[in-house]
Amino acid sequence: MAKEEITPGEWQIMEVLWACGKPLTSSEVCKRMQGNVDMSMRMVRVLMNRLSQKNVPGYTVDEHDARVYHYYVQRTREECVREKSRKFVDRYFSGNGSNAMAALLHSFVLTDEQIRELEEILEQSRERKAESTKREGGSHA
């Protein structure tokens, strides 16, 4: 996992890469962002370089022009969201996930469908905990 957090500007670039699903040059990323984000080509290149240093996208050098890089996704959106969520909980809730979830739940009115989705997530969490406990118990035997 990257040590540095992905900034909002970098996240916008990654959204383009995640949505596209294929390698893109910085020029292609910039074109896909036009109209949605006011970011210069130079800024896109700077942010893509920073993202590469954080090992979020990887890149290959163009076989015909060594000045052109083709960026591809190395870490999924889900991995990055999990990491960002963990850091958020650590930073604002002293690592207490239940306090973080309670604060979020109190901030929104949920539909019945959203409540059902959350119940499924909680059930999956119970199952993961039970499986983890079973593995830990088995290794001490």
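Is Asp65 buried, partly exposed or exposed? In this predicted model, Asp65 counts as partly exposed, because its relative accessibility is 24%, and the range for that class begins where buried, under 20%, ends. The side chain of Asp65 meets that of Arg67 in a salt bridge, with N and O 3.0 Å apart. Arg67 has a relative accessibility of 73% and therefore counts as exposed. This pair is a good place to start a tour of the charged contacts, before turning to the nonpolar interior, the aromatic rings and the surface.

The structure has nine salt bridges by the rule applied here. Another of them joins the side chains of Glu10 and Lys54, at an N to O distance of 2.6 Å. Glu10 belongs to helix α1, while Lys54 sits in the loop between α3 and β1, so this salt bridge ties together parts of the chain that are 44 residues apart in sequence. Both partners can be placed with respect to the surface. Glu10 is buried, with a relative accessible area of 1%, and Lys54 is buried as well, at 8% relative accessibility.

A further salt bridge is found within helix α6, between Glu113 and Arg116. The closest N and O atoms of Glu113 and Arg116 are 3.3 Å apart. The two residues are three places apart in the helix, which means that about one helical turn separates them. Glu113 is partly exposed, at 43% relative accessibility, and Arg116 is partly exposed too, with a relative accessible area of 43%. Elsewhere, Glu5, Lys84 and Arg91 are joined into one network by salt bridges that share partners.

The nonpolar interior comes next. The largest nonpolar core contains 19 residues, and Ile13, Val29, Met33 and Val44 have the most contacts inside it. Three helices each give two or more residues to this core: α1 (8-20), α2 (26-33) and α3 (41-53). Helix α1 provides the largest share, with six residues. The surroundings of Ile13 give a closer view. Apart from residues up to four places away in sequence, Ile13 touches Val29, Met33, Met39, Val44, Leu47, Met48 and Leu51.

Leu17 is another residue of helix α1. With a relative accessibility of 1%, Leu17 counts as buried. When neighbours within four places in sequence are set aside, the contacts of Leu17 are Leu24, Val29, Pro57, Tyr71 and Val73. Val68 lies 51 residues from Leu17 along the chain, and the C-alpha atoms of these two residues are separated by 16 Å.

Tyr71, one of the residues in contact with Leu17, leads on to the aromatic rings. A search of the whole structure gives six aromatic pairs. In one of them, the ring centres of Tyr59 and Tyr69 are 4.6 Å apart and the ring planes meet at 5 degrees, so the pair is stacked. Tyr59 lies in strand β1 (residues 57-61) and Tyr69 in strand β2 (residues 69-73), so the stacked pair ties together parts that are 10 residues apart in sequence. Both tyrosines are partly exposed: Tyr59 has a relative accessibility of 39%, and Tyr69 has a relative accessible area of 32%.

Tyr59 also pairs with Tyr71, here in a tilted arrangement, with 5.9 Å from centre to centre and 55 degrees between the planes. Since Tyr59 is in strand β1 and Tyr71 in strand β2, this pair ties together parts that are 12 residues apart in sequence. Tyr71 is buried, with a relative accessible area of 8%. Through such ring pairs, Tyr59, Tyr69 and Tyr71 are linked into a cluster.

On the surface, a nonpolar patch of about 700 Å² is made by Met101, Leu104, Leu105, Phe108, Leu110, Ile115, Leu118 and Ile121. Two helices, α5 (97-106) and α6 (112-139), are the elements that give two or more residues to the patch. Leu105, one of the patch residues, lies in helix α5 and is partly exposed, with a relative accessible area of 43%.

Key:
Residues numbered from 1 in each chain as written. Predicted model: local features only at pLDDT ≥ 70, side-chain atom pairs only at ≥ 80, totals over all residues. Heavy atoms only, no water. Phe/Tyr/Trp six-rings, centres within 6.5 Å; stacked < 30°, edge-to-face > 60°. Helix = DSSP H or I, 4+ residues; strand = E, 2+ residues; numbered from the N terminus. Buried < 20%, exposed > 50% of the residue type's maximum accessible area, 1.4 Å probe, protein only. Core = buried A, V, L, I, M, F, W, Y, C linked by side-chain atoms within 4.5 Å. Contact = heavy atoms within 4.5 Å. Patch = residues over 30% accessible without salt bridge, like charges linked within 9 Å, V, L, I, M, F, W, Y side chains within 5 Å. Areas by Shrake-Rupley, 256 points an atom, 1.4 Å probe, with all protein chains shown as cover. Salt bridge = Lys/Arg side-chain N within 4 Å of Asp/Glu carboxyl O.
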